[in-house]
Amino acid sequence: LDDLCRNAARIGCAGIDLINHDEWPTARKYGLVPAMTPGAGTIPDGWNRRESHDRLEKEMRENIDLAAAAKVPNVITFSGSRRGQADEEGKQNCIEGLKRVSKYAEDKGVTICMELLNSKVDHHDYQCDHTAFGVDVMKGVDSPRVKLLYDIYHMQIMEGDIIRTIRNNIQFIGHFHTGGVPGRHELDDTQELQWRTVSKAIADLNFQGFMAHEFVPVRDPMTSLAEAVKLCTV
């Protein structure tokens with residue numbers, strides 16, 4: 001982690017995603033913000049099950065406290081897997097559950113981000129697998145501190161139409177992830193999206209959050225990261 005943070009700072013990154021609270025000091029040592037950290041739940045186990053709400057609320061409040069104390073801006077959470085559940089029921093359960101922690105997040109100044117993931121390739125049966133599902137949940141919760149983590153890799157697989165979707169829903173998006181499609185590798189000419197065009201569209205919307213690079217490199221990781229940062233700096 002120390003090597004990653006040192007190199008990320010050298011390359012020009014502003015933060016680092018998905019590190020635990022005991023790792024935050026390493027990021028801070030190099031001037032990096034822990035941009036997205038654990039909140040509550042796991043990909044298969046999330047807010048779409050009412051029986052999980054008590055446990056998730058406790059976990060979320062504890063992690064919001066840690067984040068607020070360290071001025072960490074975002075915590076991650078998930079819908080959970082369908083397991084045969086109808087989407088409308090899943091939406092209502094997610095709304096009900098996230099409302100239990102939304103005011104707490106507002107008071108603490110921390111944003112809860114529910115991730116959009118693909119159910120076609122990587123996370124079979126995940127429920128929040130289309131932007132429309134996530135947006136309906138965001139509208140239901142109606143909090144400035146509950147947003148979507150719009151993972152461009154995942155949504156390109158599920159629905160495409162990335163730039164139009166981002167433009168139409170930017171008010172519900174708190175964070176972005178990247179990853180080349182297909183394969184989740186470097187953002188290079190082996191992939192099907194024009195990442196500079198996507199990045200410019202996001203910048204033109206005056207988005208003030210983070211875009212985190214979550215690709216799996218097949219070449220030298222730091223060279224690939226530097227290339228991605230340069231490509232997406234618009």
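**Overall fold and two buried residues**

Buried residues account for 51% of the 234 residues in the chain. Keep in mind that the model is a predicted one. Its secondary structure adds up to 9 helices and 7 strands. With a radius of gyration of 17 Å, close to the 17 Å that the globule rule gives for 234 residues, the chain is as compact as a globular protein of that length. Put in a box along the principal axes, the C-alpha atoms take up roughly 45 × 40 × 30 Å.

How do the contacts spread along the sequence? Looking at contacts in the chain with a separation of 6 or more, 73% are between residues 24 or more positions apart. On the outside, the accessible surface comes to about 10,600 Å², and carbon and sulfur atoms own 50% of that. As for charge, there are 28 positive and 35 negative side chains. The centres of these two sets sit 5 Å apart.

Next come the strands, starting with β5. This strand covers residues 146-151 and is mostly covered, with 6 of its 6 residues buried. Which way do β4 and β5 run relative to each other, parallel or antiparallel? Strand β4, made of residues 111-115, runs parallel to β5, and 4 bridges join the two. To pick out one pairing, Cys113 has Lys147 in β5 as its bridge partner.

Now for a pair of residues that touch each other. Phe133 belongs to helix α5, which spans residues 131-141. Is Phe133 buried or exposed? Its relative accessibility is just 4%, and buried means under 20%, so Phe133 counts as buried. Leaving aside residues up to four places away in sequence, Phe133 touches Ser79, Asp87, Gly90, Lys91, Gln127 and Cys128. Take Gly90 from that list: Gly90 and Phe133 are 43 residues apart along the chain, yet their C-alpha atoms are separated by 9.3 Å.

Gln127, another of the residues that Phe133 touches, is placed in the loop between β4 and α5. Gln127 has a relative accessible area of 0%, so this residue is buried too. What does Gln127 touch, once residues up to four places away in sequence are set aside? The list runs to Asn48, Ser79, Gly80, Ser81, Arg82, Gln85, Ala86, Asp87, Gly90 and Phe133. Ser79, Asp87 and Gly90 turn up among the contacts of both Phe133 and Gln127.

Conventions: Residues are numbered from 1 along each chain as its sequence is written. This is a predicted model: local features need pLDDT of at least 70, side-chain atom pairs count only at pLDDT 80 or more; totals for chains, interfaces and linings use all residues. Side-chain values use heavy atoms; hydrogens and water are left out. The radius of gyration is taken over C-alpha atoms; the globule rule is 2.2 Å times the number of residues to the power 0.38. Buried means under 20% relative accessible area, exposed over 50%, partly exposed in between (1.4 Å probe, protein chains only). Contact means heavy atoms within 4.5 Å. Accessible areas come from the Shrake-Rupley method with a 1.4 Å probe; for residues, only the protein chains shown count as cover. Lys and Arg count as positive and Asp and Glu as negative; His and the chain ends are not counted. The place of a charge is taken as NZ of Lys, CZ of Arg, CG of Asp or CD of Glu. Two strands pair if DSSP finds at least two bridges between them.
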